[in-house]
Amino acid sequence: MMEKNILDKRPRFHFTPFQTIVFGFMAVIILGTILLSLPFSTRAGEHTSFLDALFTSTSATCVTGLVVHDTATHWTLFGEIVILILIQIGGLGVVSIAGFLAILSGRRIGLFARNTMQEAISAHKMGGVVRLIKFILTSSFLVEGIGAVLLAPTFIKDFGWAKGLWYAVFHSISAFCNAGFDLMGIRGEFSSLTTYASNVAVNLVIMALIVVGGIGFLTWDDIRTNGIHFRKYRVQSKIIFSVTAILIFFPFLFFFFHEFSALKTGDRILFSLFQSITPRTAGFNTADYSSLSQSGQAMSVFLMLIGGSPGSTAGGMKTTTIAVLVLSSIAVFRRKEDTECFGRRVMDENVRAAGAIFFLYLFLSLGAALALSAIEEIPFLTSLFETTSALATVGLSLSLTPTLSVASRIIIIVLMFMGRVGGLTLIYATVARRLGMAKLPQERVTVG
């Protein structure tokens with residue numbers, strides 16, 4: 001009898017690819033919660049409460065970075081390894097990791113497995129998805145390895161060989177997966193990378209890893225196929241590069257001239273550039289976000305909401321979503337029937353999906369912020385910063401997360417999970433798709 005891959009066996013209840021993705025993430029989170037609850041996962045040798053373990057496991061698997069306990073001072077090496085494994089699985093995707101292991105074992109990858117992989121990495125077609133999965137995983141490990149090698153000299157100098165190498169590996173994977181978890185709490189709890197704010201090497205490596213991890217796996221494939229010939233790229237890749245450049249350059253100018261004007265020019269450039277990149281959606285910080293002005297915090301919320309690109313390790317509603325919405329608005333303003341970009345028409349279903357995603361993220365972030373503001377009795381902008389950071393899987397905080405009540409922590413956990421698996425994926429997983437030939441009569445509705 002021919003051996004089959006576990007992903008290829010349709011469950012008795014006939015899970016859809018979307019349900020497989022959702023339940024896959026849930027299973028990893030539950031396993032991580034159990035491991036982090038064990039006494040030898042903590043430095044105090046005591047059980048971590050179920051809710052705190054669940055919060056940490058969800059944050060790691062959903063590559064968010066929000067924490068209720070400082071990672072370096074609360075968890076043992078075992079706990080840190082569990083967190084790092086959860087980050088790696090969550091960043092590259094549960095289905096991608098499972099598929100890669102199946103490929104290595106030589107098992108057959110069937111139609112259902114290929115369909116699930118396609119949905120997991122947002123591939124445009126099922127053909128070649130196995131080859132693409134192999135490319136994604138091997139390239140990811142290579143980039144993370146290079147990042148660790150580049151970070152190692154600084155961390156070995158500061159922490160010694162053993163701890164320095166571990167810190168280099170941990171922060172490289174955390175940065176590439178846009179997770180934002182750090183081990184710098186030994187220099188001050190919840191301090192992130194503030195002690196390296198003026199270190200050029202650490203800043204550049206971390207920022208590069210964040211950007212590379214956040215541009216999307218399909219964009220990597222475009223670069224591999226077409227090299228530096230931008231005109232040959234898919235329209236999606238062109239949009240991603242264009243929007244990414246805009247969302248780095250203009251926020252950099254904002255932070256440079258508005259937030260860090262008191263610093264020396266060199267530090268001012270590093271601070272401004274890092275703070276323009278990390279909200280989409282890495283979670284590291286070299287500056288205290290609670291010291292930013294309200295306009296600086298609002299700019300960060302805007303960047304967090306947009307996030308990275310589809311099929312990447314980053315969260316948020318995605319760069320392509322905001323691009324399609326802007327292009328669609330331009331088409332309406334110019335009284336054009338089609339949304340156009342780089343000499344191509346954007347499909348109407350993409351425009352509708354972008355509108356739905358935008359509404360979903362706006363509704364969830366604002367609704368959760370109202371709930372958090374009422375529960376914790378804090379300013380609305382502070383709660384909005386926290387909820388957007390959770391939903392967009394960013395991990396930045398105004399030092400609010402460790403002080404949240406049980407109800408608020410549950411809200412944040414739900415937001416992190418929804419942000420990682422995707423709002424539309426959850427909807428598709430729970431709502432059966434109904435196909436029908438009949439259409440209702442059309443009628444014009446005036447808007448605007």
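These legends walk through several close-up views of a predicted model.

**View 1. The largest cavity, enclosed within the protein.** Let us start inside, where the count comes to 1 cavity of 30 Å³ or more. The largest cavity holds about 80 Å³ of space. To find its walls, look for I210, V211, G214, I215, T244, I248, I277, R280 and G308. Two helices, α9 (200–214) and α11 (235–258), each give at least two residues to this lining. Helix α9 provides the largest share, 3 residues. By class, the lining of the largest cavity has 5 nonpolar residues, 3 polar ones and 1 charged one.

**View 2. The second largest pocket and the residues around its centre.** Here the view turns to an open space, the second largest pocket, with a volume of about 470 Å³. It is lined by 24 residues, and those closest to its centre are F190, S191, S192, N285 and S397. What classes of residue make up the lining of the second largest pocket? There are 13 polar residues, 8 nonpolar and 3 charged.

**View 3. An edge-to-face pair, F40 and F78.** The model contains 20 aromatic pairs, and this view picks out one of them. The rings of F40 and F78 meet edge-to-face, with 5.1 Å from centre to centre and 70° between the planes. The two partners come from distant parts of the chain, 38 residues apart. F40 sits in the loop between α1 (17–37) and α2 (50–61), while F78 belongs to helix α4 (residues 77–92). Are these two rings buried or exposed? F40 counts as exposed because its relative accessibility is 52%, and the cut-off for exposed is over 50%. F78 has a relative accessible area of 33%, so this residue is partly exposed.

**View 4. A cluster of aromatic rings.** In this close-up, F155, F159, Y167 and Y196 are the residues to find. Ring pairs link these four residues into a cluster.

**View 5. Two arginines over phenylalanine rings.** Which residue lies over the face of F135? It is R224, at 4.1 Å from the ring centre. A second example is R268, which lies over the face of F256 at 4.0 Å from the ring centre.

**View 6. C62 and C177, two cysteines without a bond.** How many disulfides does a search of the whole structure find? The search finds 0. This view shows why for C62: its closest cysteine sulfur, in C177, is 13 Å away, too far for a bond. Seen from the other side, the closest cysteine sulfur to that of C177 is the one in C62, also at 13 Å and too far for a bond. A disulfide would need the two sulfur atoms within 2.5 Å. C62 counts as buried because its relative accessibility is 0%. C177 is buried too, with 0% relative accessibility.

**View 7. T33 in helix α1, and T48.** The last stop is T33, a residue of helix α1. T33 has 3% relative accessibility, so this threonine counts as buried. Now find T48, which is 15 residues from T33 in sequence. In space, the two residues are 9.5 Å apart, taken from C-alpha to C-alpha.

Methods. Residues numbered from 1 in each chain as written. Predicted model: local features only at pLDDT ≥ 70, side-chain atom pairs only at ≥ 80, totals over all residues. Heavy atoms only, no water. 1 Å grid on protein atoms, 1.4 Å probe; cavity = no way out; pocket = protein on both sides within 12 Å on 5 of 7 lines; lining within 4 Å. Points joined across faces, edges and corners; volume = space filled by probe spheres on them. Helix = DSSP H or I, 4+ residues; strand = E, 2+ residues; numbered from the N terminus. Nonpolar A, V, L, I, M, F, W, Y, C, P; charged D, E, K, R; others polar. Phe/Tyr/Trp six-rings, centres within 6.5 Å; stacked < 30°, edge-to-face > 60°. Buried < 20%, exposed > 50% of the residue type's maximum accessible area, 1.4 Å probe, protein only. Lys NZ or Arg CZ within 6 Å of the ring centre and 35° of its normal.
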